[in-house]
2 protein chains.
Amino acid sequence: MVAPQRSGGAERCRFGARGRPPYDDPVPVVAPIDATDEQLAQVRYDENGLVPAIVQDATTGQVLMMAYMNAETLGLTLAEGRTVFWSRSRREVWRKGETSGEVQTVRSAHYDCDGDTLLFVVDQAGNGACHTGAVSCFFRSFGADGDVDAPRPGLAGEPPVPEAAPSADD
Amino acid sequence: MVAPQRSGGAERCRFGARGRPPYDDPVPVVAPIDATDEQLAQVRYDENGLVPAIVQDATTGQVLMMAYMNAETLGLTLAEGRTVFWSRSRREVWRKGETSGEVQTVRSAHYDCDGDTLLFVVDQAGNGACHTGAVSCFFRSFGADGDVDAPRPGLAGEPPVPEAAPSADD
């Protein structure tokens with residue numbers, strides 16, 4: 001019997017023991033996004049030089065997380081084709097997934113009508129976006145439902161992606 | 001020939017002339033969400049007493065918009081089962097859709113792992129969420145694609161919802 005082919009070596013398979021082989025999926029194509037100066041000029045940063053960036057899973061539609069970018073990390077995100085944020089708590093550039101492997105490869109990048117919020121549609125590698133191990137950071141609900149993973153609108157009836165053990169924070 | 005049955009009278013059909021009959025859809029059930037004190041205590045407001053609130057369409061999965069709530073308007077949103085924001089520019093309570101009819105009925109409400117971002121999954125009435133007339137405020141993309149409506153992840157291949165003329169801002 002031939003073992004299933006993985007897209008990486010031992011290091012890339014280190015999450016396999018959690019019961020969900022994240023690297024059996026095709027490797028997403030990393031492609032820079034050539035934003036024009038006119039497009040970049042539409043972005044309105046707040047008084048701290050930051051703009052909120054929503055991250056949505058391209059396949060499931062789940063809203064995975066929201067974090068902040070400054071002009072530098074927005075530029076890095078577009079140039080590298082993966083999300084790069086500004087960590088407000090650590091005050092440093094935060095390449096999402098750099099330590100955890102849970103990289104977000106950008107499929108498309110959008111800005112809203114008044115330019116003060118960004119939206120990135122991504123392929124999420126690994127177990128999910130949240131440092132708690134949840135697929136989405138929005139795993140808690142107001143009301144009687146309490147703790148649930150983020151809804152996957154438009155995809156009702158699909159089985160939920162199994163939760164994994166907490167992973168290292170980025 | 002029997003005319004198609006609408007769910008409302010003349011007032012409710014006032015958007016019909018735009019070419020898309022929004023009230024042919026079933027009227028969404030408005031239901032309050034009984035958040036516990038413990039859940040509400042998880043929300044972290046910024047130095048201005050605000051928390052960003054992402055709004056996602058329950059049916060299409062599109063991220064429609066992001067706006068801000070304070071403790072009062074989060075309470076109103078949960079109590080009324082429709083989104084109510086704090087308008088930073090006008091410094092007043094902003095009941096989404098109060099003038100435009102483009103009400104967002106809340107299906108579920110979520111908060112993220114560190115409590116500093118909210119997510120509302122809604123039924124969007126009328127033509128869409130954006131004051132420009134677009135379905136989603138994220139109708140512009142970085143890169144060669146330029147202006148497109150927000151992607152509908154997981155639903156690739158579905159025809160896009162037709163755009164309507166700009167509606168009155170809320």
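Strands, symmetry and cysteines in a predicted two-chain model

Author: In chain B, strand S3 (residues 84-87) and strand S4 (residues 92-95) run antiparallel and are joined by 4 bridges. This is a predicted model, in which local features need pLDDT of at least 70, side-chain atom pairs count only at pLDDT 80 or more, and totals for chains, interfaces and linings use all residues. Residues are numbered from 1 along each chain as its sequence is written, chains are lettered from A and ligands numbered from 1 in the order in which they are written, and side-chain values use heavy atoms, with hydrogens and water left out.

Reader: What makes S3 and S4 of chain B a pair of strands?

Author: Strands are DSSP runs of E with at least two residues, numbered from the N terminus, and two strands pair if DSSP finds at least two bridges between them. With 4 bridges, S3(B) and S4(B) therefore count as paired. One bridge joins Trp86(B) to Val93(B) in S4(B). The hairpin has 4 residues between the strands, and Arg91(B) there takes a positive phi near 55°.

Reader: Which strands make up the open sheet, and which are its edge strands?

Author: The order is S7(A)-S5(B)-S6(B)-S1(B)-S2(B), with mixed pairing. S7 (140-141) of chain A and S2 (63-69) of chain B are the edge strands, as each pairs on one side only. Within this sheet, S1 (residues 51-57) and S6 (residues 118-124) of chain B pair in the parallel sense over 5 bridges. Val55(B) has Phe120(B) as its bridge partner in S6(B).

Reader: How do you know that the two copies are related as by a two-fold rotation axis?

Author: Copies are superposed by least squares on the C-alpha atoms of residues with pLDDT of at least 70 in both. A turn of 180° and a shift of 0.0 Å along the axis lay chain B on chain A with an RMSD of 0.0 Å. The two copies are thus related as by a two-fold rotation axis. In chain B, Gly61(B) has the C-alpha nearest the axis, 2.8 Å from it.

Reader: Why is Cys113(B) not bonded to Cys130(A)?

Author: A disulfide is a pair of cysteine sulfur atoms within 2.5 Å. The closest cysteine sulfur to that of Cys113(B), in Cys130(A), is 3.7 Å away, so it is too far for a bond. The whole structure has 0 disulfides over all chains.

Reader: Why is Lys96(A) called buried?

Author: Buried means under 20% relative accessible area (exposed is over 50%, partly exposed in between; 1.4 Å probe, protein chains only). Lys96(A) has 4%, so it is buried. Lys96(A) lies in the loop between S4 (92-95) and S5 (104-111) of chain A.
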